2 protein chains.
Amino acid sequence: MGLTRRRLLATAGGAAGALAFGGGGYALGREEGGDPEAVPFYGPRQAGIATPAQDRLVFGAFDVVAGSRGELRALLQHWTAAAARMTAGELTGAAAEQPDAPPADTGEALGLKPAKLTITFGLGPGVFDGRFGLASLRPAPLHELDALPGDFLEPARSGGDLCVQACSDDPQVAFHAVRNLTRLGRGSVELRWLQLGFGRTSSTTSGQSTPRNLMGFKDGTNNIKSDDRKAMDRSVWVGDDEPQAWLRGGTYLVARRIRMLIETWDRSSLSDQEHTFGRRKTSGAPLNGAHEHDTVDLVARQGDGTLVIPANAHIRLAGPGANGTRILRRGYSYTDGIDPVTGQLDAGLFFICFQRDPHSQFAEIQRRLGRRDALNEYIRHTGSAIFAVPPGTSRGGYVGEALFG
Amino acid sequence: MGLTRRRLLATAGGAAGALAFGGGGYALGREEGGDPEAVPFYGPRQAGIATPAQDRLVFGAFDVVAGSRGELRALLQHWTAAAARMTAGELTGAAAEQPDAPPADTGEALGLKPAKLTITFGLGPGVFDGRFGLASLRPAPLHELDALPGDFLEPARSGGDLCVQACSDDPQVAFHAVRNLTRLGRGSVELRWLQLGFGRTSSTTSGQSTPRNLMGFKDGTNNIKSDDRKAMDRSVWVGDDEPQAWLRGGTYLVARRIRMLIETWDRSSLSDQEHTFGRRKTSGAPLNGAHEHDTVDLVARQGDGTLVIPANAHIRLAGPGANGTRILRRGYSYTDGIDPVTGQLDAGLFFICFQRDPHSQFAEIQRRLGRRDALNEYIRHTGSAIFAVPPGTSRGGYVGEALFG
């Protein structure tokens, strides 16, 4: 039994500390093993995919500098144990124990609730490049995406051997998670890039509302809902037909940093904006309908014969369309200040999606979008990464364990 | 009466839109003029100083490119009106009205509650440099801070003619505010730098807990509480002795981007960390005490005669100390990803403070800290700015109106 963040505080902080976040009954609940704000870490799937999208994101991509297969394995064991503790609201280790040693937890989440923290691990193509004797275990689809139309990719915002997706309703809890995993991995991994997302842009479960993106639109209304098991099995989870047994029950994560050319967008007319998306700005309704969830009618025509939803509208090209390709979107709005070159706002969508085959799903959709999407005038893809996400694990095990036999 | 964000949605979005954020009773409350989540904009002081610190921040600094005094005045009028609307949860203008014109609001906050949004405007030294005929109205203390020990300032993260501090419990609402003011100011201002803060680090009112900074410590426990009117009058509000009448009842904002050398800090021992701050990590108690709010005893000594709170401890040097200098701290934790030069995490504290004289208050404290503070080993000041914050205004008026007489 680890020290929970709240129990430790109550013990060491006394009355003033306990007062700071109100009530001891909650801590008691934690001791009894239940925490309404904690998302279970262990299970057949990693959390953070089918679990409801939280409000905030911190996403880290890492280069592995470990020199051996054993070291990589130890890292994954260490990370798994720490993630299980943090998602339960525990410290990664005592924040204050041995005066002469660095604290085993950095402490900034001490006293904070788990706030639905999920930590999701992914393995990039580099893990299978031969450094760790794992080359024969590389699933065929796990290679960088081919160049796509509209790419303006920056190497420093792309790629990575491992990823950690930390989502929570409290950004400090998500930051704490990635920061402590980085610290625990020192010597085995180096942080390659880090992205903070301040607001979720997707609804991933039935009943969750569709938030607006920074263009002011509801996009992804017809996202796969993770409680639609049939759709999840068909489009998201890697099936038993995957030759690499270790990835069955897992999925692929594609991350794309999509910068919006905010200033240009803001100068475009309402009509241009609505025709770009194929939706009404205020209601979120498709141009053929009145309400957000009205069925998108791709063949409806105006009296003059022109399509109601234009041929190059985002909703037409991004939707499942003729070939039925769907993905589970789970992205976040970001801002990273001012672009030092142009002096313009660097803000947009940190797009994350999950699917069973990134090349026939995300990449296929993006090829379609990249060629014709009216939105291209207003966006730039500045970062890209792909990771295989192993299935979940159970207590005593670790994420990726099936790789090490 | 403007369209509220929620009313507009209910009108135009129909049932699906209304469902997205639940309940129509709230919208009714808005029509009646009361919104429990709205902080009043109008009043003798600008909101965002003495009002309780919200959880999230978006801070923008602007260069004025307007060519005349009249243009600057019109900007302040325009900004004030828009801020009053947004803090009440209204749009800056109709998001969807004329198809052929750009929407008068960018729309990403449509349907969101005000979430205690405050918008606070400040005027930098540049406003009084002669471009606008205001040179004779410059208050004597409104000039850039002298070079301070420990400065590693980057010009692109420093200075600015105007500032907008947007605080809210919802980061999308704060982002929307700065983004729309930038848009409305196009041609008169250009965004110089933008900083997102993901978590408040200060308690500014009695009863609000002290959050932890990214070093895992509670710092600023003895912050001025804004409901302590005597302390606010003595240390924060510009008094009637200020020759420039327009600033009486206002204050000065100093912003410092303080990067923490996270990796170095995380490798230092618990004992080093606690002696650096002069506080216990877990409880937040001063080293001479047991509880966070115990009185700091700067003269207590160990049995061997050494000071309990070391001579170079942060708590000793940053506190009011011998000369009684105090400031109102209202800062936020930030992360901006990876430093491209060092490959290390760029994260820390975006420090904001308010005081009646920045040079004898903030700068004096920082000179003391910069010379001796044990914390210097772990931090770098990478950005700095100073702004005069005019008093508030009433309906029909605008922030800074007394300047234009």
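The legends below describe close-up views of a predicted model with chains A and B.

**View 1. The two chains are related by a two-fold axis.**
Two copies of a chain are related by a rotation about an axis and a shift along it. Here, a turn of 180° and a shift of 0.0 Å along the axis lay chain B on chain A, with an RMSD of 0.0 Å. That is the relation of a two-fold axis. Which residue of chain B comes closest to the rotation axis? B:D336 does, with its C-alpha at 3.3 Å.

**View 2. Chain A and chain B meet through the same surface.**
In this contact, 66 residues of chain B touch 66 residues of chain A. On the side of chain B that touches chain A, the elements giving two or more residues include the helices α1 (5-21), α4 (171-184), α6 (262-267) and α7 (270-277) of chain B. The strands β4 (189-197) and β8 (332-338) of chain B also give two or more residues each. The most comes from α1(B), with ten residues. By class, this side of chain B has 29 nonpolar, 26 polar and eleven charged residues. Of the interface residues of chain B, 100% are also interface residues in chain A, so the copies meet through the same surface.

**View 3. Helices α3 and α4 of chain A pack against each other.**
Two packed helices are described by the angle between their axes and the distance between the axes. For α3 (residues 69-87) and α4 (residues 171-184) of chain A, the angle is about 150° and the axes are 10 Å apart. An angle over 145 degrees counts as roughly antiparallel, so α3(A) is roughly antiparallel to α4(A). The two helices cross in a right-handed way. From α3(A), the contact uses A:H78, A:W79, A:A82 and A:M86, and from α4(A) it uses A:A177, A:N180, A:L181 and A:L184. These residues divide into six nonpolar, two polar and no charged.

**View 4. Helices α3 and α4 of chain B pack at an angle of about 150°.**
The axes of α3 (residues 69-87) of chain B and α4(B) lie 10 Å apart. With that angle, α3(B) and α4(B) are therefore roughly antiparallel to each other. Their crossing is right-handed. Which residues of α3(B) meet α4(B)? They are B:H78, B:W79, B:A82 and B:M86, and their partners in α4(B) are B:A177, B:N180, B:L181 and B:L184. The contact of α3(B) with α4(B) has six nonpolar residues, two polar residues and no charged residues. Helix α4(B) is also one of the elements on the side of chain B that touches chain A.

**View 5. Chain A is divided into two parts, domain 1 and domain 2.**
Domain 1 of chain A covers residues 1-36, and domain 2 covers residues 39-403. The C-alpha centres of these domains of chain A are 32 Å apart.

Key: Residues are numbered from 1 along each chain as its sequence is written. Chains are lettered from A and ligands numbered from 1 in the order in which they are written. This is a predicted model: local features need pLDDT of at least 70, side-chain atom pairs count only at pLDDT 80 or more; totals for chains, interfaces and linings use all residues. Two residues are in contact if their C-beta atoms, placed from the backbone, lie within 7 Å. Helices (H or I, at least four residues) and strands (E, at least two) are DSSP runs, numbered from the N terminus. Ala, Val, Leu, Ile, Met, Phe, Trp, Tyr, Cys and Pro count as nonpolar, Asp, Glu, Lys and Arg as charged, and the others, Gly among them, as polar. Copies are superposed by least squares on the C-alpha atoms of residues with pLDDT of at least 70 in both. Axes are lines fitted to C-alpha atoms, for helices over the stretch in contact, and angles run from 0 to 180 degrees between N-to-C directions. Angles under 35 degrees count as roughly parallel, over 145 as roughly antiparallel, 65 to 115 as roughly perpendicular and the rest as oblique. A crossing is left-handed if the near helix is turned anticlockwise from the far one by less than a right angle, and right-handed if clockwise. Domain bounds come from an automatic or database domain assignment.
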